[in-house]
Amino acid sequence: MTFDDLGLLPELRRVVREEGYTEPTPVQAQAIPLVLEGRDLLAAAQTGTGKTAAFALPILQRLKPQANSSFSPARHPVRALVLTPTRELAVQVEEATRTYGRHLPLLRLTTVYGGVPIDPQTAALRGGVEILVATPGRLLDHVGQRNVALGQVEVLVLDEADRMLDMGFLPDIRRIIELLPERRQNLLFSATFSDDIRRLSGSILRDPATVEVAPRNTTAEGVRQIVYPVDRDRKEQLLAHLIRKEDLRQVLVFTRTKIAARRLATWLERDGIAAEAIHSDRTQPERTRALEAFKRGDVRVLVATDVASRGLDIEDLPHVVNFELPFVAEDYIHRIGRTARAGAEGDAISLVCIDEVDLLRGIQRLLKRALPWAVEEGFVPDRHAEPRPVHARSSYSGGGRGASAVVGARPRAASGRGARR
Ligand code: AMP
């Protein structure tokens with residue numbers, strides 16, 4: 001399968017060539033022809049699967065006939081509306097769509113999201129845009145101020161719809177949908193197909209085609225998952241120890257709350273490990289700066305909450321750490337979906353104290369398998385979970401991460417994997 005087989009315009013085939021994409025990802029191969037046909041779509045695809053191009057390329061193609069150079073805003077109504085849960089994702093989707101549309105320069109696009117001044121966004125909207133990427137709350141603010149009309153939307157995309165539901169955007173989404181024409185195309189992308197997502201899709205989508213690139217509720221194959229049992233008050237030390245011992249770089253660490261994120265980043269900094277926290281209390285420029293420093297390698301550890309991590313434009317991270325397990329088992333899949341993308345390899349390390357054993361069980365039920373354990377020397381917990389953890393040599397054979405305490409050095413670290421970036 002090549003991009004030439006998908007029925008895309010020369011302008012779009014050219015851009016994917018220039019971007020160096022040699023072949024479509026599975027979600028692109030399945031979704032692009034369906035979207036071009038005008039079908040509604042229910043797609044299970046995480047960030048990192050190439051889902052943005054899967055909807056952006058065919059949308060650009062569908063809008064091309066209306067591209068025009070008129071100065072009149074009325075000639076540039078919103079025709080495609082992409083709703084995203086976070087501003088980071090909105091920015092990322094807009095940038096990607098701008099890239100994919102660079103040989104169709106007459107199609108205008110912009111993004112609107114909260115947490116920044118509204119006026120510059122107002123000016124862009126009033127000038128007219130064909131493609132609008134928006135977070136739901138700020139979009140409704142603009143609608144309320146009559147900065148934008150949605151009566152000519154032809155395609156609606158709900159990106160990371162599961163996350164939008166988790167964040168309580170359902171009422172906003174419903175209000176927005178009431179402003180759209182009844183006849184339109186709907187594309188719903190979600191990392192998982194929960195019952196809530198099925199209900200939402202049942203009420204919005206019309207005879208949808210289903211695209212499922214990873215089997216339901218599974219994690220990427222290249223991710224080595226491992227659980228370290230540890231006492232609650234020794235997690236920071238164990239994390240610092242693992243980072244140093246394995247020379248881990250570009251480590252994305254998850255906490256449940258922003259307070260915990262802030263505290264952990266401060267702790268690591270004091271311990272001499274460059275770390276930044278990224279959470280909803282930080283301004284957009286602060287988050288962008290932290291993310292850029294992380295990407296450059298100036299910051300070794302990025303500590304994030306689940307909400308803040310969504311839409312972070314970081315690909316193929318080698319290491320994801322669950323400093324605390326998430327309360328919602330599906331968030332575990334979202335979190336570790338940040339590593340081992342597109343066939344690469346990655347580690348997902350979970351530091352689990354006794355209070356979290358039930359959460360771990362919930363995750364294992366969702367994954368339909370037990371995760372391997374390892375006990376690190378010097379960090380044997382005072383109180384073990386029941387049943388006692390099995391030492392790694394006997395339980396973990398998934399690719400060479402042997403547990404050091406019990407079985408000695410890790411071959412992967414020795415082969416320099418930790419220094420990949
Ligand atoms: P997304 O899932 O849309 O966030 O995309 C993840 C990353 O994959 C982005 O950085 C894209 O540039 C990249 N990408 C998208 N499609 C392809 C492709 N067909 N081949 C290689 N990389 C791609």
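The exercises below, each with a worked solution, concern a predicted model of a single chain.

**Exercise 1. The chain as a whole**

Determine how many helices and strands the chain has, and what percentage of its residues is buried.

Solution. Begin with the secondary structure, where the chain has 18 helices and 13 strands. Next, turn to burial: of the 421 residues in the chain, 57% are buried. The accessible surface of the chain comes to about 17900 Å², and carbon and sulfur atoms account for 49% of that area. Finally, take the contacts between residues at least 6 apart in sequence, of which 75% join residues at least 24 apart.

**Exercise 2. The packing of two helices**

Describe how helix 14 and helix 15 pack, giving the angle and the distance between their axes.

Solution. First locate the two elements: helix 14 covers residues 329-336 and helix 15 covers residues 357-367, and they pack at an angle of about 70° with their axes 8 Å apart. Because angles of 65 to 115 degrees count as roughly perpendicular, helix 14 is roughly perpendicular to helix 15. The next step is to list the residues that make the contact, which are Ala-329, Glu-330, Tyr-332 and Ile-333 on helix 14, together with Gly-362, Ile-363, Leu-366 and Leu-367 on helix 15. Sorted by character, the residues of this contact comprise 6 nonpolar, 1 polar and 1 charged.

**Exercise 3. Salt bridges between distant parts of the sequence**

For the salt bridges Arg-102 with Glu-18 and Glu-376 with Lys-245, work out which parts of the chain each pair ties together.

Solution. A search of the whole structure finds 28 salt bridges. In the pair formed by Arg-102 and Glu-18, the closest N and O atoms are 2.9 Å apart. Arg-102 lies in the loop between helix 4 (87-100) and strand 3 (109-112), while Glu-18 lies in helix 1 (residues 10-18), so the pair ties together parts that are 84 residues apart in sequence. Arg-102 is partly exposed, with a relative accessible area of 37%, and Glu-18 is also partly exposed, at 39%. These two residues belong to a network of salt bridges that links Arg-14, Glu-18, Glu-19 and Arg-102.

For the second pair, the side chains of Glu-376 and Lys-245 meet at 2.6 Å, N to O. Glu-376 lies in the loop between helix 15 and helix 16 (392-395) and Lys-245 in helix 10 (residues 235-245), so this salt bridge ties together parts that are 131 residues apart in sequence. As to exposure, Glu-376 is buried with a relative accessible area of 2%, whereas Lys-245 counts as partly exposed at 37%.

**Exercise 4. A salt bridge within one helix**

Establish where Asp-358 and Arg-361 lie, and whether Asp-358 is buried or exposed.

Solution. Asp-358 and Arg-361 form a salt bridge in which the closest N and O atoms are 3.1 Å apart. Both residues lie in helix 15, 3 residues apart, which is about one turn of the helix. Since a relative accessible area over 50% counts as exposed, Asp-358 is exposed at 56%, while Arg-361, at 36%, is partly exposed.

**Exercise 5. A loop residue**

Place Thr-339 in the chain, and give its distance in space from Leu-252.

Solution. Thr-339 lies in the loop between helix 14 and strand 13 (346-352). Its relative accessible area is 0%, and Thr-339 is therefore buried. Thr-339 and Leu-252 are 87 residues apart in sequence, and their C-alpha atoms are 9.2 Å apart in space.

Definitions and conventions. Residues are numbered from 1 along each chain as its sequence is written. This is a predicted model: local features need pLDDT of at least 70, side-chain atom pairs count only at pLDDT 80 or more; totals for chains, interfaces and linings use all residues. Side-chain values use heavy atoms; hydrogens and water are left out. Helices (H or I, at least four residues) and strands (E, at least two) are DSSP runs, numbered from the N terminus. Buried means under 20% relative accessible area, exposed over 50%, partly exposed in between (1.4 Å probe, protein chains only). Contact means heavy atoms within 4.5 Å. Accessible areas come from the Shrake-Rupley method with a 1.4 Å probe; for residues, only the protein chains shown count as cover. Axes are lines fitted to C-alpha atoms, for helices over the stretch in contact, and angles run from 0 to 180 degrees between N-to-C directions. Angles under 35 degrees count as roughly parallel, over 145 as roughly antiparallel, 65 to 115 as roughly perpendicular and the rest as oblique. Ala, Val, Leu, Ile, Met, Phe, Trp, Tyr, Cys and Pro count as nonpolar, Asp, Glu, Lys and Arg as charged, and the others, Gly among them, as polar. A salt bridge is a side-chain nitrogen of Lys or Arg within 4 Å of a carboxyl oxygen of Asp or Glu.
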